[in-house]
Amino acid sequence: MNYQPFFEMHILLSEQLISELQAQKPAIALLLFLTILAIYFASTAIHSALKLLRAPRRNYPAHSKVIAND
């Protein structure tokens, strides 16, 4: 057992728990990365789906600024 600093508190942790947490670090990092990636792809898919469902832009040529060359 040893004391480890955690959020400015010293908590008594066992060496077994510390070694298990060290072993889980890559899995936790991978899970965090994949979660962020999944949120990114989901938001991109939702954005493109909403873009497809939106009404198309209308073209009003009478309102555009046309310079007549007379």
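This passage describes the fold, the surface and the single helix of a predicted model.

The secondary structure of the protein consists of 1 helix and 2 strands. Along the sequence these elements occur in the order β-β-α. Of the 70 residues in the protein, 0% are buried. The accessible surface comes to about 7200 Å², and 67% of this area is supplied by carbon and sulfur atoms.

Helix α1 covers residues 15-53. For its 39 residues, a rise of 1.5 Å a residue predicts a span of 57 Å, and the C-alpha atoms at the two ends lie 56 Å apart, which agrees with that value. A bend of about 40° is nevertheless found in α1 at Q24. A proline, P26, follows Q24 within four residues.

A nonpolar patch on the surface is formed by L30, F33, L34, L37, Y40 and F41. Together these residues contribute about 630 Å² of accessible area. One of them, F33, is located in helix α1. In an α-helix there are 3.6 residues a turn, so residues three or four places apart point the same way.

Y40, a member of the nonpolar patch, also takes part in a polar contact through its backbone. The backbone oxygen of Y40 is 2.8 Å from a polar atom of the S43 side chain. S43 is itself part of helix α1. With a relative accessible area of 39%, S43 counts as partly exposed, because this value falls between the limits of 20% for buried and 50% for exposed residues.

Conventions
Residues are numbered from 1 along each chain as its sequence is written. This is a predicted model: local features need pLDDT of at least 70, side-chain atom pairs count only at pLDDT 80 or more; totals for chains, interfaces and linings use all residues. Side-chain values use heavy atoms; hydrogens and water are left out. Buried means under 20% relative accessible area, exposed over 50%, partly exposed in between (1.4 Å probe, protein chains only). Accessible areas come from the Shrake-Rupley method with a 1.4 Å probe; for residues, only the protein chains shown count as cover. Patches are made of residues with over 30% relative accessible area and no salt bridge: like charges are joined within 9 Å, nonpolar side chains (Val, Leu, Ile, Met, Phe, Trp, Tyr) within 5 Å. A salt bridge is a side-chain nitrogen of Lys or Arg within 4 Å of a carboxyl oxygen of Asp or Glu. A polar contact is a pair of N or O atoms within 3.5 Å; within protein, one must be able to donate a hydrogen and the other to accept it, and residues adjacent in sequence count only if both atoms are side-chain atoms. The expected span of a helix is 1.5 Å times one less than its number of residues. The bend at a residue is the angle between axes fitted to the seven residues ending there and the seven starting there.
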